[in-house]
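The following report looks at how helices pack in one protein model, and then turns to a few individual residues outside those helices.

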Amino acid sequence: MTADRSGPAFSVHDIPFSTYGSWFGISPVVAEKTYAEDLHLVSHQNGMHAVLSLVPLDPVTGERAGTRVEATPGLLSWTGTDGRIDLAYESPDTVRLRGAGVPLRIAAAARTLTPFSGTYFYREPAADAYVFTSYETGRRYRVSVLSGTVADVFGSQALGGADRGVTVADADGGWEIAVEELDTARPPYVSTAAFGKVVEAARNSFADFVDTVAPWRSAATPAAELAAYVLWSATVRPAGLVTRPGVLMSKHWMDKVWSWDHCFNALALAPGCPELARDQFQLPFDHQDETGALPDSVTHSEVLHNFVKPPIHGWAFGHLRRRLPTPPDRAELTATYDRLERWTEFWLTARRAPGAALPHYQHGNDSGWDNATTFDPERVVVTADLAAFLTLQLRELADLAAHLERPDDARRWTRAAEETQQAMLDQLWTGDRFVARGVDSGDTWGTSSLLDLMPIVLGEHLPPEISEVLAGRIEAHLTPYGLATELPASPHYLADGYWRGPIWAPATILVEDGLRRGGHHRLADEISARFRVLCEEHGFAENFDALTGTGLRDRAYTWTAAAYLLLAEAHAQREGR
């Protein structure tokens, strides 16, 4: 798209510096909502762990140097009055650092070493390198000095409480090192490319990615490249329990794949990176249990089954089939059909009370809208959003069965979809709103949560009069920045209330799609436009203050970036670009 392939500049306080496939990043964010003064190598193996601190030093005093940090997708730099330090990824597990005029101290982030925690440090004589071995990640971090001088080594082989690390400084005008994340051992590091070539390769890797993911981008979609970087840099190679290349929700503290977030990333990636998109959709299904349930989340060393997530997967796979450049073949359709069938049967059996026509959530977490006001009266509830998602999933199963020439199954799923939607209308529609019903009490209630309006996802399947009512209620949630998840006039509205007010990407995508399929194009256009401007002005946070637009919580969230790409691409296509 452009001769300059360096990519967008960004703040490492918001977005970690990383690369496609890596399990670590360079960031000052060392824990949830915790910012260090210095940049750290932060690994996401066995959880989020700050392993090494990277501290530029004043060449005269040896104290911390004042520097300005700048980042683009291929290069991270510290610039001070005496010189600069550059860092680039040579591979997913290796970074190269080069400095001139500014020494660098690489130290264990954890000062205390116990028999079961902390970081041990020593010189590795076989490789003539310096090694930090971390209990928290279960990995080693090897520093190989390529040029320059080792100005200081401290805490080597120390036990208990101690500072541990190495300082490199200029010799003959500069210094250079490689830092590797490895398992137990590997041959001594040997440089195969000059630093400039490493930077060029890293830049080209990202530039090629964004060209495939967002070839439609233009000046009218100014955040497209940064959105692509958020996805690219949060992608990890298969390791541990992550069975295939996976896009984490973030390389900050939300470093998991939750079992509905992945759908939005898959959709955004589908046209340009179809195999990666397929992997995103299928990854949680690799951990489907014997009842057919998907896990709540998957990460390197943990699969959680204490909650589930809503069955949006039929909706997502229907869109995915249409967005992939090559339609899925019969084998892929059959495998996905089997997985979706088991996931659907879970809701029809394990999540329907005896004699009940509709399934229920057991907690707000099951819905993905953890603390929405819909769940204030009770938590084990029948809700219209769940019925709507399940109806769409049943319709997708019917369509897949027809493609696979299983007419009896197609009729069975179609009948189940019609019965589920009709039960939703009979039991939860009052004539002007959808209500939730407590499974134990039988009580019903309505709230000011956008969740109550999510049956709009049924789009063309909704009776027109109900669609009109929902569209009107949805418009009341529209602030200058997008859809507030709780009406701002509600006494329960909280600016940073998670699902009790802030704007979220998945709700935006689902509502916009349902409105558009239901014929409410003006409102869908407005929601799309406001969310796109929100991301262009405030980045890709986990969620946003609905009244100010300020990004909240984790500031580098992939499903937010994916939502921007989906809406920006669709807008560009409507505009004929």
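Contact, as the word is used for packing here, means heavy atoms within 4.5 Å. The model is a predicted one, and on that footing the buried residues of helix α5 pack against α3 (261–269), α4 (274–282), α6, α8 and α11 (505–517). Helix α5 itself covers residues 313–323, and because nine of its 11 residues are buried, α5 is largely enclosed by the rest of the structure. The buried residues of α5 are H313, G314, W315, A316, F317, G318, H319, L320 and R321; buried means that the relative accessible area is under 20%.

**Helix α8 and its partner α6**

Among the elements packed against the buried residues of α5 is α8, a helix of 20 residues (384–403) for which a rise of 1.5 Å a residue gives an expected span of 28 Å, and the 29 Å between its end C-alpha atoms agrees with that expectation. Helix α8 is mostly covered, with 16 of its 20 residues buried, and the helix is followed by E405, whose phi is positive, near 60°.

Helix α6 (residues 330–349) packs with α8 at an angle of about 145°, the axes being 10 Å apart, and the crossing in which α6 passes α8 is left-handed. On the α6 side the meeting residues are R330, L333, Y337, L340, E341, W343, T344, W347 and L348, while α8 contributes L386, L390, Q393, L394, E396, L397, L400, A401 and H403. By residue class, this contact of α6 with α8 divides into 12 nonpolar, three polar and three charged residues.

**Two further helix pairs**

Two packed helices are described by the angle between their axes and the distance between the axes. For α3 and α4, the angle is about 165° and the axes are 8 Å apart; angles over 145 degrees count as roughly antiparallel, and α3 and α4 are therefore roughly antiparallel to each other. Helix α3 passes α4 in a left-handed crossing, with the contact made by H262, C263, A266 and L269 of α3 and by P274, L276, A277, Q280 and F281 of α4. The residues of this contact comprise seven nonpolar and two polar ones, with no charged residue.

In the pair formed by α1 (residues 195–213) and α2 (residues 224–233), the axes come within 10 Å and cross at roughly 110°, an angle for which α1 and α2 are described as roughly perpendicular to each other. The crossing of α1 and α2 is right-handed. Helix α1 brings A202, S205, F206, F209 and V210 to the contact, and α2 brings E225, A228, Y229 and W232, a set that divides into seven nonpolar residues, one polar and one charged.

**Individual residues outside the helices**

Residue W232 of α2 also appears in the surroundings of T19, which, leaving aside neighbours within four places in sequence, is in contact with Y89, S91, P92, W232, S233, T235 and K251. T19 lies in the segment before β1 (24–31) and is buried, with a relative accessible area of 10%.

R433 is found in the loop between α9 (407–428) and β23 (436–438), where its relative accessibility of 22% makes it count as partly exposed. With neighbours within four places in sequence again left aside, R433 is in contact with L428, G446, T447, D452 and R473. From C-alpha to C-alpha, R433 and A65 are 61 Å apart in space, and in sequence they are 368 residues apart.

What sign does phi take at D128, and at Q157? Phi is positive at D128 although that residue is not a glycine, and phi is likewise positive at Q157, a residue other than glycine. Both values are set out below with the loop in which each residue is placed and its relative accessibility.

| Residue | Phi | Loop | Relative accessibility |
|---|---|---|---|
| D128 | about 50° | between β10 (119–124) and β11 (129–134) | 53%, exposed |
| Q157 | near 65° | between β13 (149–154) and β14 (160–161) | 56%, exposed |

Conventions: Residues are numbered from 1 along each chain as its sequence is written. This is a predicted model: local features need pLDDT of at least 70, side-chain atom pairs count only at pLDDT 80 or more; totals for chains, interfaces and linings use all residues. Side-chain values use heavy atoms; hydrogens and water are left out. Helices (H or I, at least four residues) and strands (E, at least two) are DSSP runs, numbered from the N terminus. The expected span of a helix is 1.5 Å times one less than its number of residues. Buried means under 20% relative accessible area, exposed over 50%, partly exposed in between (1.4 Å probe, protein chains only). Axes are lines fitted to C-alpha atoms, for helices over the stretch in contact, and angles run from 0 to 180 degrees between N-to-C directions. Angles under 35 degrees count as roughly parallel, over 145 as roughly antiparallel, 65 to 115 as roughly perpendicular and the rest as oblique. A crossing is left-handed if the near helix is turned anticlockwise from the far one by less than a right angle, and right-handed if clockwise. Ala, Val, Leu, Ile, Met, Phe, Trp, Tyr, Cys and Pro count as nonpolar, Asp, Glu, Lys and Arg as charged, and the others, Gly among them, as polar.
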